[in-house]
Amino acid sequence: MAFKRKYFLFLLPFLFFLQATAVPSQVVRVGIYQNPPLSFVDEDGNPQGFVVDLLKEAAQNEDWRLDFIFCEWDECLRALEAGEIDLLGPIAYSEERVKRFDFSEETLITNWGQVYVQRGETDVSILDLEGKTLAAIEKDIHTKSLRERLLRFDISVNFIFVDSYDAVMQKVENNQAFGGIVNHLYALEHAKNYDVEQSAIIFNPIEVHFATTKGEHTDLLSTLDEEISVMKEDKASIYYQRLNLWFDIPVETTMPLWAKWLSAFFLFLLVVFIVNSIFLRSMVQKRTAALKESEKKYRNLVDNALVGIYITQNHIFRFANQGLANLFGYKSGKEMVGLHVQKTVTPMSWEKVNEEIQLRESGQKKTSHYRFKGLRKDGASIDLEALGSGIEYQGKPAVQGILIDITERVRAEERFKYLSEAASEAILISEKGVCLEENLAAQKLFGYSFDEAVGMSATDIIALEDRDLVIHHILSGYDKPYTVTALRKDGSTFPAEINGRIMRYEGRAVRVTSIRDISAKAKAEEALRKRTKELELLYKSSQELNQTLELDIIYERFYTFVSKIMDCDLMMVSSFAPVEKLISCDYLIIDGKKQDISEFPPLVLNSVEMEIQSIVITTGKSMLVPDYPAQNNLKHKQKKDAQSAIIIPMLFSGKVIGVVQVMSYKSDAYNQEDLRIMDALSSHIAIASNNARLHQEVQQHAQQLEILNTTTKALSASLNLEELLKTILKETARVIKFDSASVFLVEEDGRVTITKAVGYATRFTKISLPIEETLMQGIENNQPLILDEIKESPYYKKWDDEMPIRGWMGLPLIARDLVLGYLTFDSHEPRAFSPQDAARAESFSPQIAQALYNAHLLESIIQKTREIENCVQAGNQLDLAALNETITKLRQELEEAQQAPIASGS
């Protein structure tokens with residue numbers, strides 16, 4: 001047993017080793033989709049492509065096991081975001097995607113979008129796509145980029161969305177689409193397989209990376225970055241081999257350093273082997289002769305050079321060619337040898353030149369390139385450009401270099417600078433997208449100093465959304481003015497007009513671009529558009545508001561107009577009665593819904609609730625109210641608090657007939673421009689509402705006259721009180737809204753009796769009460785009485801616990817200066833009756849009073865007739881003269897009552 005334990009302990013380390021070696025490799029789940037030649041699955045189901053090859057190489061080096069999972073593009077993105085796959089590539093880098101995924105630092109390859117079109121249609125720009133049909137993959141990053149650009153330029157394009165670039169090309173080839181959107185790398189490999197052509201529309205340059213789930217697999221991305229970086233540094237790596245394989249991009253390879261040394265070594269041995277001592281002397285002689293000849297040729301070349309060539313040491317010329325002598329006005333270069341450098345430099349440039357010489361002679365600066373003012377022998381100055389480097393001359397530090405006369409160039413530059421500085425427009429000179437020059441106007445416009453601007457990308461002064469457009473115009477040589485959003489150093493933007501063209505500058509082809517701030521023009525155009533829109537709105541509102549005589553329709557249309565041009569969460573329209581000094585709510589809309597205005601009783605001018613409206617009515621001037629909640633009496637109706645408001649008077653013939661309030665939930669929602677527009681609109685609504693009210697008054701007056709005519713005919717045709725009262729109450733219901741109405745008759749003992757009633761009050765017919773127990777006790781000076789809530793009135797007496805009456809109105813019935821009774825109206829709603837209702841009721845009261853008076857006369861005649869009959873039957877002696885006089889008097893009163901004129905309605 002001990003033996004077995006001993007051998008077991010001996011084998012234990014080997015078991016641990018075997019266990020360690022059995023640990024499985026890291027499994028990386030990779031999403032793959034059809035995007036040849038970057039990544040795709042071939043007909044046999046095998047992953048292929050440039051990115052797949054790089055990933056396999058990295059996996060082999062890192063001992064990973066790759067689990068390729070095929071998915072459509074949208075499915076791949078969703079799976080990566082959900083963590084169902086670990087890695088996705090290729091994927092284009094964008095700011096939007098950075099919020100969803102983690103990206104590798106190393107760029108796999110650069111790609112961009114291209115539009116391929118039908119044969120013979122290549123001469124198109126983005127503007128020529130108006131009304132055309134394009135095939136595209138809907139969620140492709142290039143499709144999204146081009147759609148945004150088309151939308152920005154208001155270009156309408158019909159899109160056909162498909163699932164792959166192959167389907168895009170087929171749609172174009174089959175004439176089902178004018179063009180198609182694909183990426184450059186796909187087109188590079190496959191465009192030759194389709195009967196299509198590349199257009200000039202190139203856009204959306206992007207970088208292709210690997211991506212992982214957000215917050216996961218940072219180690220995986222870091223390792224991939226290292227692997228890709230190593231591959232890129234080695235020109236013979238699989239990275240460049242696969243570039244050549246998949247994209248047919250040849251890679252320049254260089255001989256390894258060890259191979260060069262080895263080759264040189266063998267070459268040296270070969271030379272040694274060939275050149276032996278027999279030919280050594282003759283070769284040396286030949287070499288010496290050749291060297292002298294070469295030196296002579298070199299000397300002639302140097303002396304005949306068009307530029308000045310020099311060697312200085314300790315600020316003294318040790319060598320000068322003839323070109324240098326010509327620059328400074330000396331006969332020969334020998335005349336300048338031994339001359340101090342300072343004598344060839346103007347005093348204003350000496351400090352700079354001296355510093356450059358010292359830096360090179362001391363070895364602190366190997367080369368230099370600068371300009372300075374040179375001084376000729378005759379005292380004239382010239383502009384020179386110096387290029388020099390530090391050397392060793394005769395065993396000591398020296399400076400060797402050349403001087404070029406740039407006087408004409410400097411003058412040209414100064415002329416250009418003068419013209420550009422005098423220009424009000426910003427002018428930039430750029431080469432290959434890099435800024436070389438800018439004028440003073442550009443410095444002021446963008447906020448970059450000259451030193452900051454030089455070397456910048458020309459698109460750094462363009463807002464991000466317009467950079468692709470500018471890049472496209474630069475690449476295509478576009479030379480017509482166009483508009484973009486420009487970007488200042490401080491981050492602010494402004495609309496700008498760009499006009500650029502290719503020109504020659506210092507012997508190079510550069511792009512000269514003028515940039516003009518068109519903010520004022522844009523504002524003017526916007527103001528013109530706004531003014532035109534306002535005029536159209538005013539004209540339209542004037543026409544539509546006056547097409548109807550219905551107040552609610554007028555106010556509804558007015559709300560629609562206002563809500564189109566400004567915030568209008570609430571709107572209230574109130575009318576003003578100058579005689580009664582009452583402000584009444586006629587219309588209220590909140591959050592687009594019309595409200596019940598019965599809860600808003602008329603309020604007196606200058607009351608606390610009507611403070612702001614009272615100011616507007618009194619002054620006749622509009623107001624901006626930034627702190628509307630302090631004056632808001634609508635809070636029980638609102639879901640939110642109104643924060644600001646515009647209040648305007650409705651003026652007609654110089655008089656205020658009402659007030660319009662426009663309110664917003666936002667603070668400071670309105671400005672003086674909004675106030676001006678509302679003032680212009682107010683006259684239209686004032687005219688329309690006044691016309692509507694006049695129309696209502698005419699209709700009501702005509703209706704009252706019709707009712708008066710009906711009641712007058714009834715009164716003339718019959719003395720039946722019951723029928724007369726029934727007719728009058730029926731006609732009254734046409735102009736006054738009530739739930740019940742009653743006619744009270746005053747008895748001889750002062751009590752009142754309900755003679756006739758309609759509605760709920762019919763249950764009290766024939767009931768007689770002391771007037772002190774009725775609401776009519778409050779009627780004074782023979783004037784109508786209106787009670788908004790009877791139970792709050794001091795005249796209220798509880799007749800019936802279930803009585804539904806809340807609003808009430810009563811007025812006396814007067815004939816021959818006698819109060820014969822009362823006419824009352826009841827409503828189930830509070831504040832049901834208005835002064836206008838009282839005025840309408842007063843127009844009918846004379847008929848009712850006259851009917852009561854006639855009934856009294858008829859009753860008197862009947863009573864007298866009965867007395868005569870009684871006397872005749874009793875055989876009493878009659879005073880015929882007195883009887884005749886009485887009958888005649890009663891007959892005259894009855895005829896006068898029947899013929900009495902009826903008071904006209906107001």
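**Close-up 1. Leu-787 faces Trp-808 across two strands.** In this predicted model, Leu-787 sits opposite Trp-808, a residue of β33. The strands to look for here are β32 and β33, the latter covering residues 807–815. Three bridges link the pair, and the two strands run antiparallel.

**Close-up 2. Zooming out, six strands make an open sheet.** Follow the strands across and you read β31-β30-β29-β34-β33-β32, with antiparallel pairing. As a bit of background, strands in a sheet are held together by backbone hydrogen bonds, and the pairing can be parallel or antiparallel. The edges belong to β31 (768–770) and β32 (785–787). Each of these edge strands has just a single partner, so one side of β31 and one side of β32 have no neighbour in the sheet. If you ignore direction, neighbouring strands are turned against each other by 25 degrees on average.

**Close-up 3. A helix lies across three strands of that sheet.** The helix is α23, made up of residues 721–732. Look for it across β29 (740–746), β30 (751–759) and β34 (818–827). Against β30, α23 runs at about 55 degrees.

**Close-up 4. Here is the second largest pocket, with a volume of about 1,100 Å³.** Its lining takes in 29 residues, and those nearest the centre are Tyr-93, Ser-94, Glu-95, Ile-141 and Asn-204. Which elements give two or more residues to this lining? They are α3 (73–82), α4 (95–98), α5 (141–152), β11 (197–213) and α18 (467–476). Of these, α5 gives the most, with six residues. Sort the pocket lining by residue type and you get 17 charged, eight nonpolar and four polar.

**Close-up 5. Now for a closed space: the second largest cavity, at about 140 Å³.** The model has six cavities of 30 Å³ or more. Among the residues lining the second largest one are Leu-428, Ser-430, Ile-461, Tyr-482 and Arg-511. Val-470 and Ile-474 are also part of this lining, and α18 is one of the elements that supply at least two residues to it. The others are β17 (426–431) and β21 (508–517). The largest share, three residues, comes from β21. How does the cavity lining divide by type, and how many of its residues are nonpolar? Nine are nonpolar, two are polar and one is charged.

**Close-up 6. One helix, two linings.** Go back to α18 (467–476), which gives two or more residues to the lining of the second largest pocket. The lining of the second largest cavity also gets at least two residues from α18.

Notes:
Residues numbered from 1 in each chain as written. Predicted model: local features only at pLDDT ≥ 70, side-chain atom pairs only at ≥ 80, totals over all residues. Heavy atoms only, no water. 1 Å grid on protein atoms, 1.4 Å probe; cavity = no way out; pocket = protein on both sides within 12 Å on 5 of 7 lines; lining within 4 Å. Points joined across faces, edges and corners; volume = space filled by probe spheres on them. Helix = DSSP H or I, 4+ residues; strand = E, 2+ residues; numbered from the N terminus. Nonpolar A, V, L, I, M, F, W, Y, C, P; charged D, E, K, R; others polar. Pairing = 2+ DSSP bridges. Axes fitted to C-alpha atoms, helices over the stretch in contact; angles between N-to-C directions. Contact = heavy atoms within 4.5 Å.
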